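Biologist: Could you take me through the surroundings of the ligand in this model, in some detail and at the level of individual contacts?

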Amino acid sequence: MAHEAAATKKAVTMPTIELTDLTRAEIESALRDLGVEPYRAGQLFQWIYQRGVVDFASMTNLSQDVRRTLAEHFHISTLAIVRHDVSEDGTEKFLLSLRDGRHIESVFIPDLVRRAPDHCDRTSESGHSGSQTFCVSTQVGCAMGCTFCLTATMGLVRNLSPGEIVGQVRVLAAAVALGGKAFNIVLMGMGEPLHNYDQTMAALRILCDKKGCALPPRRITLSTVGLVPAIERLATEPLMPNLAISLHAASEDVRARLVPSARKYSITEILAACRRFPLKHRDRITFEYVLLAGINDSDAEARKLAKLLRGLRAKVNLIPLNPAAGIPFERPSDDRVNQFGRILAEHHVAVTVRKSRGRDIRAACGQLAIESGKKSPAQRLADAIE
Ligand code: SAH
């Protein structure tokens, strides 16, 4: 019995709360419960998110007593870099491992001079021209089932926690040369952010917290397949990222074939939600459109798209398919891509063509995580220390 009681006591005092999953307000309330001054939450945030310190013992503006209490109750995890590939074009792709050994991908797209064809405007994908960007995952795998996406072949494995979403930014920011310059975040890695709504929003609150990463919300773009109720919920949030919609088609039947989850929400309903979405002065909604040869890349589909977007403050980001084994579609020719873009531009739709980056490092969404999942542990280890 005595032994059992000791074991129970030990379990209670084990640091089980993951500090990086908590917003500053949540830490404040947890500290209050522990009898620690709530303003210490701001100091913790500064240590973790501004100085990259994850060890309570090094947090020198906290008393020894407070440090001990924190270490008893909280744990600070970091993601481990399993693999880091640098593309010829400067794109850096990371395979990261989570506490449970699962893998996710994150990408750093450095400040590249992006040359757009003459008929395209020169804004970058994230809406800020000429700036560096982190592309971050929100789930392990994805439940949306898009038929041209590799991540979809994994199905949904699990949601990422706020700390795992923010952790990607922390790990990548420490690993790449940011040169002290600002960066953008796009939630365009693995997963559907609006299918993991609460944890994604908590992550954004941590990223935008003045004592955290202090990122202005306009530097964050949330990309969604178009889950209408969640878009409407997002429209009421005090913290509002830029919105990108993965549309991929102008006809309902074509979209249903590419984005199975779309059967629930029609293009008409999605665009109605977009029209209601509160946009700040001069902001626009981005519509992503993956071009698939012979499927959604015809002149007629381009004209239909232009007509659908009429009156919407929109810009279209054309993404020629990033092909990979297992994806049953082909990438259209550059001529076709340009012609599609030209038609949109002629109809006064702002359009950019995403340059395919990182092809030499298998940057197609999900490619690295899926390949690594298939390898034996020994092979993975060998890859990691290559
Ligand atoms: N689930 C969200 C965000 C993740 S996917 C969404 O659907 O928006 C980010 C973008 O990459 C989406 O527009 C998606 O359609 C696109 N994408 C997925 N697989 C691709 C591929 N093989 N080639 C080009 N773009 C792809």
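Modeller: In this predicted model, two strands each supply at least two residues of the shell around the ligand, namely strand 10, which spans 220–224, and strand 12, which spans 285–291. The shell as a whole counts 18 residues, and the closest of them are Gly191, Ser223, Ser246, His248 and Asn322. Sorted by class, nine residues of this shell are nonpolar, seven are polar and two are charged.

Three of the polar approaches can be described atom by atom. On the backbone side, an N or O atom of Gly191 lies 3.0 Å from a nitrogen atom of the ligand, and a polar backbone atom of Asn322 is likewise found 2.9 Å from a nitrogen atom of the ligand. With His248 it is the side chain that takes part, since one of its N or O atoms is 2.8 Å from an oxygen atom of the ligand. As for cover, the ligand taken alone exposes 530 Å², of which the protein buries 94%.

Gly191 also leads to another residue, Thr138, because Gly191 is among the residues that Thr138 contacts once neighbours within four places in sequence are left aside; the others are Asn159, Leu160, Ile165, Leu187, Met190, Glu192, Pro193, Asn196 and Thr200. Thr138 itself sits in the loop between strand 6 (132–135) and strand 7 (139–141). Its relative accessibility is 1%, and because buried means under 20%, Thr138 counts as buried.

Note on methods. Residues are numbered from 1 along each chain as its sequence is written. This is a predicted model: local features need pLDDT of at least 70, side-chain atom pairs count only at pLDDT 80 or more; totals for chains, interfaces and linings use all residues. Side-chain values use heavy atoms; hydrogens and water are left out. A residue is near a molecule or strand if one of its heavy atoms lies within 4 Å of it. A polar contact is a pair of N or O atoms within 3.5 Å; within protein, one must be able to donate a hydrogen and the other to accept it, and residues adjacent in sequence count only if both atoms are side-chain atoms. Accessible areas come from the Shrake-Rupley method with a 1.4 Å probe; for residues, only the protein chains shown count as cover. Helices (H or I, at least four residues) and strands (E, at least two) are DSSP runs, numbered from the N terminus. Ala, Val, Leu, Ile, Met, Phe, Trp, Tyr, Cys and Pro count as nonpolar, Asp, Glu, Lys and Arg as charged, and the others, Gly among them, as polar. Buried means under 20% relative accessible area, exposed over 50%, partly exposed in between (1.4 Å probe, protein chains only). Contact means heavy atoms within 4.5 Å.
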